[in-house]
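Work through the exercises below with the sequence and the structure at hand. Try each task before reading its solution.

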Amino acid sequence: MITGGGIRGSTMRGSDGIRYNQKHPGITLVCFGRIEHDLKDELLHSLSAFFDTLQEELPVRPVCSCRFEPDPEKIPAQNQETAYFPVLEIAGGNIILGVTNTGFYDPSLPRYIFSYGRFNGLGLLSTYRFRNETNTRRQYLERMGKQIIKTLAMACSLDACPDKGCVVSYHRYVDDLDHNRYVCESCRTEFIRSLKFFLDIPYGDASNLLQTEGE
Ligand SMILES: [Zn+2]
C-alpha cells in the first residue's frame with residue numbers, strides 16, 4: 001500500500017517557513033537553480049492544460065504552483081538525483097515535480113537521464129540533454145512541455161506506454177518526444193486512477209501503484 005501523498009498534502013510550508021493547512025489539492029513545481037521564466041511558464045502551462053483535459057473525470061482540479069530553490073550544495077558525481085529528492089520530500093503538495101539544469105548521469109546505462117519518478121508522487125526532470133541536444137528555443141520548450149507530463153506520469157507510477165504517439169511512452173532520445181501527440185486512452189485511465197489517489201480522492205485499492213523508474 002502506498003503512503004505519503006495524503007501526508008504531504010495535509011500541510012504545506014509557506015515562504016515564511018511556517019507550516020499551514022493546505023485546503024486544496026496541489027501540484028508543486030520546484031525550480032532548482034537558474035530555471036528561466038519562459039521554461040517555468042511552459043511547464044506550468046503544460047500541466048495546467050493537461051488537467052483541463054481531465055476536468056470531467058477528476059472531481060477536484062489540482063492547483064499548480066511553483067517555488068524556487070537553490071541547487072543542493074553537495075551534488076555527487078554520479079546519481080546526482082539523490083541530492084534532490086530530500087528537498088522534494090519536504091516541499092509541500094500532493095504531487096511534487098522538480099526541474100533542474102543539473103545532468104543526471106546514470107553509469108549503469110551509461111547516459112544522462114531525462115527524468116526520475118520516485119517515492120510516490122515525486123518526480124524530477126533534468127533539462128541537461130534537452131538543452132544540449134535541441135537546436136531552437138521553441139523546440140526546447142515544446143519538448144520540455146511534453147517531458148513534464150511524462151515526469152508527472154512517472155511520479156504517479158504509470159508504466160511506460162507502448163504507443164509511441166503517447167507522451168507516456170519511453171524516451172531514449174530527445175527527438176522521441178517529437179512523435180508524442182497525445183495521452184492515449186489507456187494512460188489517461190491510469191492517470192485518473194493514480195491522480196485520484198495522490199489528490200486524496202477515495203477510489204479504492206492503490207496497492208499496485210508502487211514503483212520507481214527512470215528514463
Ligand atoms: Zn499511453
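The exercises deal with a helix, a residue packed against it, and some backbone angles.

This is a predicted model, in which local features need pLDDT of at least 70 and side-chain atom pairs count only at pLDDT 80 or more, while totals for chains, interfaces and linings use all residues. Residues are numbered from 1 along each chain as its sequence is written.

**Exercise 1.** Find the helix that holds Ala-153, and decide whether Ala-153 is buried or exposed.

Solution. Helices are DSSP runs of H or I with at least four residues, strands are runs of E with at least two, and both are numbered from the N terminus. Ala-153 belongs to helix α5, residues 137-155. A residue is buried if 20 or more other C-beta atoms lie within 10 Å of its own, exposed if 12 or fewer, and partly exposed in between, with C-beta atoms placed from the backbone. Ala-153 has 26 C-beta neighbours inside 10 Å, so Ala-153 is buried.

**Exercise 2.** List the residues that Ala-153 touches, leaving out those up to four places away in sequence.

Solution. Contact means that two C-beta atoms, placed from the backbone, lie within 7 Å. By this rule Ala-153 touches Leu-158, Val-168, Cys-187 and Phe-191. As for Arg-188, its C-alpha is 9.8 Å from that of Ala-153, with their positions 35 residues apart in sequence.

**Exercise 3.** Check the span of helix α6 and locate its buried side.

Solution. The expected span is 1.5 Å times one less than the number of residues. Helix α6 (residues 185-198) has 14 residues and should therefore span 20 Å, which agrees with the 20 Å between its end C-alpha atoms. Its buried residues are Cys-187, Glu-190, Phe-191, Ser-194, Leu-195, Phe-197 and Phe-198. They cover an arc of only 150 degrees around the axis (taken from the directions from the helix axis to the C-beta atoms), so they are on the same side of α6. The face turned away from that side carries the exposed residues Glu-185 and Thr-189.

**Exercise 4.** What is the phi of Asn-79, and what is the phi of Ser-157?

Solution. Most residues other than glycine have a negative phi, and most peptide bonds are trans. Asn-79, in the loop between β4 (63-69) and α3 (85-89), has a positive phi near 55 degrees. Its 14 C-beta neighbours inside 10 Å make Asn-79 partly exposed. Ser-157, in the loop between α5 and α6, has a positive phi near 65 degrees. Ser-157 is buried, with 22 other C-beta atoms within 10 Å.

**Exercise 5.** Which form does the peptide bond from Leu-109 to Pro-110 take, cis or trans?

Solution. Pro-110 sits in the loop between β6 (104-106) and β7 (111-113). The bond from Leu-109 to Pro-110 has omega near -20 degrees and is cis.
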